[in-house]
Amino acid sequence: MHLQGKPVCSFDPEGLIFAAGVNSETVKLYDLRSFDKGPFATFKMQYDLTCEWTGLKFSNDGKLILISTNGSFICLIDAFKGVVMHTFGGYANSKAVTLEVSFTLDSQFIMIGSEDGKIHVWNGESGIKVAVLDGKHTGPITCLQFNPKFMTFASACSNMAFWLPTIDD
């Protein structure tokens, strides 16, 4: 099955490298300083997709790229080699909703909302799910954003939640 998904794109944290996802199967990397020469790297993803890509997002250190889909999985790739490091699943998205994926500020954890209003969290290095957070959302979490300066984040569907860290004694 070959999908003709919408193009998705993202800039790296320095604003110099531009990643473009094409046809839900290829990631092309461009350097803005030599954009006219075409992509300096092209990564064809080697897995069978039954869904479309809905977003690309660089980690804050620029070493990783998350590929979000309208299915029930997201993919973490090495931004330099295009190698799939982990595929994360186990969250609800049976209605093919565009759910936003996010890195924590330190790029250690990956988070995505789900159609049941919960947020799923994985360790990016090990690939292990470490938490499922319940923000009492009434529908799919379609927006999930980290504060760029402080360890807080916001999640939203038809209502919004702000998350603050807690310190256990």
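This note goes through the sheets, aromatic pairs and salt bridges of a predicted model.

1. Sheet S5 to S8. Four strands make up an open sheet, ordered S5-S6-S7-S8, with antiparallel pairing. Its edges are strand S5 (53-58) and S8, each of which pairs on one side only. From one strand to the next the twist averages 20°. Five bridges hold S5 and strand S6 (residues 64-69) in the antiparallel sense. Within this pairing, Lys57 has Leu66 of S6 opposite.

2. Sheet S9 to S12. A further open sheet of four strands runs in the order S9-S10-S11-S12, and its pairing is antiparallel. Strand S9 (101-103) and strand S12 (129-134) are the edge strands, each with pairing on one side only. Neighbouring strands of this sheet are turned against each other by 20° on average, direction ignored. S11 and S12 run antiparallel and are joined by five bridges. Lys129 in S12 is the residue that stands opposite Trp122.

3. Hairpin S13-S14. These two strands form a hairpin, with six residues between them. The pairing of S13 with strand S14 (residues 153-156) is antiparallel and extends over four bridges. Phe146 has Phe153 in S14 as its bridge partner. Strand S13 (residues 143-146) has two unlike faces: Leu144 and Phe146 are on the covered one, Cys143 and Gln145 on the uncovered one.

4. Aromatic pairs. The model holds five aromatic pairs. One of them is Tyr30 with Phe35, a tilted pair at 5.0 Å centre to centre with 40° between the planes. The two partners differ in exposure: Tyr30 counts as buried because its relative accessibility is 15%, under the 20% limit, whereas Phe35, at 43%, counts as partly exposed. The rings of Phe88 and Trp122 also form a pair, with centres 5.1 Å apart; this pair is tilted because the planes stand at 35°. Phe88 belongs to strand S8 (residues 84-89) and Trp122 to strand S11 (residues 118-123), so the contact ties together parts that lie 34 residues apart in sequence. Both ends of this contact are buried, Phe88 with a relative accessible area of 1% and Trp122 with 3%.

5. Ring cluster and surface patch. Which residues do ring pairs link into a cluster? The members are Phe11, Phe18, Tyr30 and Phe35. Phe35 sits in the loop between strand S3 (26-31) and strand S4 (41-44). Together with Phe11 and Leu32, Phe35 also makes a nonpolar patch on the surface, where the three have about 280 Å² of accessible area together. Phe11 and Phe35 thus appear in the ring cluster and in the patch.

6. Salt bridges. The count is three. In one, Glu25 pairs with Lys44, with 3.4 Å between the closest N and O atoms. This pair links distant parts of the chain, 19 residues apart: Glu25 is in the loop between strand S2 (17-22) and S3, and Lys44 is in strand S4. Lys44 is partly exposed, at 48% relative accessibility.

7. Asp31 and Arg33. Their side chains meet in a salt bridge with an N to O distance of 2.7 Å. How do the two ends stand, buried or exposed? Asp31 is buried, at 15% relative accessibility; Arg33 is exposed, with a relative accessible area of 61%.

8. Glu100 and Lys57. This salt bridge has its closest N and O atoms 3.2 Å apart. Here too distant parts of the chain are linked: Glu100 lies in the loop between S8 and S9, Lys57 lies in strand S5, and the two are 43 residues apart. Lys57 has a relative accessible area of 22% and is therefore partly exposed, as the buried class ends at 20%. Lys57 is also the residue that stands opposite Leu66 in S6.

Key. Residues are numbered from 1 along each chain as its sequence is written. This is a predicted model: local features need pLDDT of at least 70, side-chain atom pairs count only at pLDDT 80 or more; totals for chains, interfaces and linings use all residues. Side-chain values use heavy atoms; hydrogens and water are left out. Rings of Phe, Tyr and Trp (its six-membered ring) pair if their centres lie within 6.5 Å; planes under 30 degrees apart count as stacked, over 60 as edge-to-face and the rest as tilted. Buried means under 20% relative accessible area, exposed over 50%, partly exposed in between (1.4 Å probe, protein chains only). Patches are made of residues with over 30% relative accessible area and no salt bridge: like charges are joined within 9 Å, nonpolar side chains (Val, Leu, Ile, Met, Phe, Trp, Tyr) within 5 Å. Accessible areas come from the Shrake-Rupley method with a 1.4 Å probe; for residues, only the protein chains shown count as cover. A salt bridge is a side-chain nitrogen of Lys or Arg within 4 Å of a carboxyl oxygen of Asp or Glu. Two strands pair if DSSP finds at least two bridges between them. Axes are lines fitted to C-alpha atoms, for helices over the stretch in contact, and angles run from 0 to 180 degrees between N-to-C directions.
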